[in-house]
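Please examine the sequence and the model shown here. A set of questions and answers will then serve as an introduction.

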Amino acid sequence: MAAVQVAGSLPSEQPREAPREAIPERGNAFRRLSARLCALRPDDSSSARTEIHLLFDQLISENYSEGSGVAPEDVSALLVQACRLVPLNQNHLVSKVSQLIHHLLNRLQVIVDEQHLDFLLAYTISAIHQCSSWTHMEILQALAALVYCNGSKCQKYLPELLGKTGLLMKLSDLAQSDPEVRRAAVHCMANLCLSVPGQPYLEEPYQNICFQAFLTILQSPKSSDMDDITFCMLLQNALKGIQSLLNGGRMKLTQTDELGALLAVLKKFMFHGLPGLNIEMPTVLYPTPLPQYDGRTPIKPQQSESSASRPTLNKKKKSKVKPKKIQQGEEEEKESSGEIEAASVTGTGRVNLHEGNTWSPSSLGVQSLPLDGSGAAGKDGVSSPFSSSSWKRVSSSESDYSDAEGGMQSKMRSYQAKVRQGALVCFLSTIKSIEKKVLYGYWSAFIPDTPELGSPQSVSLMTLTLKDPSPKCLANLVSNAPYNRLKLSLLTKVWNQIKPYIRHKDVNVRVSSLTLLGAIVSTHAPLPEVQLLLQQPCSSGLGNSNSATPHLSPPDWWKKAPAGPSLEETSVSSPKGSSEPCWLIRLCISIVVLPKEDSCSGSDAGSAAGSAYEPSPMRLEALQVLALLARGYFSMAQAYLMELGEVICKCMGEADPSIQLHGAKLLEELGTGLIQQYKPDSTVAPEQRVPVFLVVMFWTMMLNGPLPRALQNSEHPTLQASACDALSSILPEAFSSLPNDRQILCITVLLGLNDSKNRLVKAATSRALGVYVLFPCLRQDVIFVADTANAILMSLEDKSLNVRAKAAWSLGNLTDTLIVNMETPDPSFQEEFSGLLLLKMLRSAIEASKDKDKVKSNAVRALGNLLHFLQPSHIEKPTFAEIIEESIQALISTVLTEAAMKVRWNACYAMGNVFKNPALPLGTAPWTSQAYSALTSVVTSCKNFKVRIRSAAALSVPGKREQYGSVEQYARIWNALVTALQKSEDTIDFLEFKYCASLRTQICEALIHLLSLASASDLPCIKEILELNGNMVQSYIVQFLKSGAEGDDTGAPHSPQETDQMVRMALKHMGSIQAPAGDTARRTIMGFLEEILAICFESSGSQGALPGLTNQ
């Protein structure tokens, strides 16, 4: 009786020992209470129940915060022990243990590990079956917390939860009498649909079941027994569930009725709660070229609404005012899409863990504040920090916001705003999941149209923009406006509009304000206007006496020093004093590392109690703005390099994986900025670059800090992958100067992570190895190159396309390294590199060339390099003969295939590399004619001119006449090039016209090259073609000589002197050919070349005889 018998029971466990590092006091309190709980044994006595009640109350009342020193495994083990002590016939204790599960997982940001999840799921499901209905609300809250980011691990319970008679289906049904229970059941379903990158999606049958359930909820009217706020939360959960299915689950809406029904409810809820609008929508929207009808019943604004919420009308005008109709593009909100960038569902943090009513405004999936299930506000009564809930009214004074902040009306408006925002985000996900041609049929229902005379004006996305303004909408406008082509001062106006809200007391407002600032600094960066705004603290408006926020601090409030040792005191190059290079960087650093201020924490209701810092969403948004500044305005960010390094170390050392993740992203951006400065084509003057010794200090700090720990954090694969990306952004010049043990650490960790079972980690590792193999200090290390090659070849066989694509890219880089090493005077690398490994690489590249285009494009690049690298000692071996033939046939096949143009371009490039190897039997091998035939076919008929250019370049690679094969083969190549020159303007795609000149340049080079190698036997065919097309060929070659070779994708342009020399060399070669007596071909060709040079000489305005020519 005392022991609870449920499926998936675990052996009795003792709590883990405390970690070695110093633990905060709250962590010690947790361990003390946990030890007391684990010491108890199941006992049904009254005194035992009382003791368990008290222990649960103490655990719930503890003031937990981030970095409390409590390990996730300890939390899971404690919850298992708590459930063991509570038999299912004790309703009050079951309710209390459910509250404990909900509270601890929420406050401590814990995602239950698979080891303990099975037991806890079985327990909660059994509790719903056996306990009284009044306990179901708390049990469902616990269940929602358990399944969050664990949907793929709940497979065996899905029939019981989501089957036809499943628990969640029954409790979420319209017939459910308790509206709170119904809402909680829908929230459980939404959390089950939340996918995690690197883990399986919810199976398709269950996706369809959940989708239909969510859609039914959105289509159903509010029941009479449900209050407005609960109804809003129910809608939010249903919208979030559909969004998760469309994003992470990759659900496709193929049925017209299904798509139309979803679009209808989304349009309806885009306007939910807006004063003056009551939208009546049909059940299903059908595709049509004509505007859809949707009725709008105007209602007068309630008297209790503030006047600021109503449009201001000019009394001198007519009372009937039609709203303006302005076209608006689709909202570009960055969604969690299941890729590595989408951190919001990775298990590294919580996106509103328990209530599912948060909508992330950021590109990296900013995590929501956890919600506290206890407290007077109720289970779901906490405003999400991400919602744009504070802009229901636009006012010149913040008193309008604060006066009504505590009222029910303000709370209601906040929840209605979350529904609207949720509908918009879900609409964006829907757009992304369907084809454009399908979407066009529905577009008239969402964009402004011109109604017939007398008919009511239809509501659209523009109506929403006019009725519901917010900084988040403004951020999307800024992101999509071409400010680089618009007049100056427009961004300054936006900047001044948002400045009062940077220090607003509501965290929602502050987060969205940072989102807008991030949009400004990322649009067409770097913009001179934005640089000026960033350099002038006064332009932020924070000290402006006309500011609409009278409670703001002085203009230098962002320079407040942190408690304890200053970051600047330990920084090498941090700016000091009043000469602040960028006030926004200082602001963001302060938000991330300084204690929060009381003046602006009044509405941080969702903040973890006891946290000394700003709320998590605020810090995450600040980190993203820093990353955007590092990307677009690195010249400003570099002044803070060492200080930002300390910020990164602090973030990556915190307990919250989402903070760690964003720290890693900032590190990657800084590393990339440093690399860009040192690129050969960089426009940054050497004296303005960050000195290499400082870059070495920066990376030494990173590698001596928490970065290695993040790289080995297998519990959070997205963090591992981001850490790998960051590690690959080390400046090569700095890597060679790192301490030897740090270099070894980087290489060892990357080679080790290549064995990871997580596809995100494996893909990031493959890419990082492909970067490292190009480092000058590593590329001649035969052992490292061989180890890297073996790791890459293993990844090329992975089931994940993303992993294979990254591995193929790295294989291409590795083979580039082989070619670079060939060109060094020391032949030791070629001699020591394993022939067997070369064979393996060739075989893998051949197989990869048959893969998807993402893999194929780099596989053929690698094949070309490998065939170029082969030494005579390899080619002579019988084991290589067959693989060489297969490799070349794979390239020929790819040149001719109807694949993506990038693939064909790479294949032509690879063929040119093959021709560069003098040891290969080009000209005599059977594959010679096939290779030339493929290239001549492309140069004359490929739709893409860049591919034609590359094929013409490949045809001009062989340096000896015998490499072109027989006279007939030579003639076919010459004829094909002349035909290609004639058709160099034949295209139906106007985008190709800009490559016409480059194509003609490359063909002319190839023709002149062929002439400079021609034999006596080739002259008759050349003469015959010139007699037919000589004038056309001559005009293009003259144009080529006059202008020089234009820059294209084949290499550096030639000067007119160089092109002139090419023709003279061809003429000299013709003069040296011993032609048979009576043969006029040589004289014809020489006359053709002499005439070309004469025309060019005359057009240059020179006097006297043409130099260098003699009468033959």
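The following questions proceed from the whole chain to salt bridges and then to one helix pair.

This is a predicted model, in which local features need pLDDT of at least 70, side-chain atom pairs count only at pLDDT 80 or more, and totals for chains, interfaces and linings use all residues. Residues are numbered from 1 along each chain as its sequence is written, and side-chain values use heavy atoms, with hydrogens and water left out.

Q: How many helices and strands are there in the protein chain?
A: Helices (H or I, at least four residues) and strands (E, at least two) are DSSP runs, numbered from the N terminus. On this basis the protein chain holds two strands, and its helices number 46.

Q: What percentage of the residues in the protein chain is buried?
A: A residue is buried under 20% relative accessible area, exposed over 50% and partly exposed in between (1.4 Å probe, protein chains only). Of the 1112 residues in the protein chain, the buried share is 59%.

Q: Which residues are linked with Arg619 in a network of salt bridges?
A: A salt bridge places a side-chain nitrogen of Lys or Arg within 4 Å of a carboxyl oxygen of Asp or Glu. Arg619 and Glu654 form such a pair at 2.5 Å, N to O; Arg619 lies in helix H22 and Glu654 in the loop between helix H24 and helix H25, 35 residues apart. Glu654 also pairs with Lys650 at 3.6 Å. The residues networked with Arg619 are thus Lys650 and Glu654.

Q: Is Glu654 buried or exposed?
A: The relative accessibility of Glu654 is 13%. Its partner Lys650, at 25%, is partly exposed, whereas Arg619 is buried. Because its value is 13%, Glu654 counts as buried.

Q: Which residue forms a salt bridge with Glu847?
A: Glu847 is an exposed residue, and its partner is exposed as well. The closest N and O atoms are 3.4 Å apart, and the partner of Glu847 is Lys850.

Q: What is the orientation of H28 and H30 to each other?
A: Axes are lines fitted to C-alpha atoms, for helices over the stretch in contact, and angles run from 0 to 180 degrees between N-to-C directions. The axes of H28 (residues 717-727) and H30 (residues 740-753) come within 12 Å and cross at roughly 140 degrees. Angles under 35 degrees count as roughly parallel, over 145 as roughly antiparallel, 65 to 115 as roughly perpendicular and the rest as oblique. H28 and H30 are therefore oblique.

Q: Which residues in H30 meet Gln720, Cys724 and Leu727 in H28?
A: Contact means heavy atoms within 4.5 Å. The residues of H30 that meet these three in H28 are Cys746, Leu750 and Leu753.
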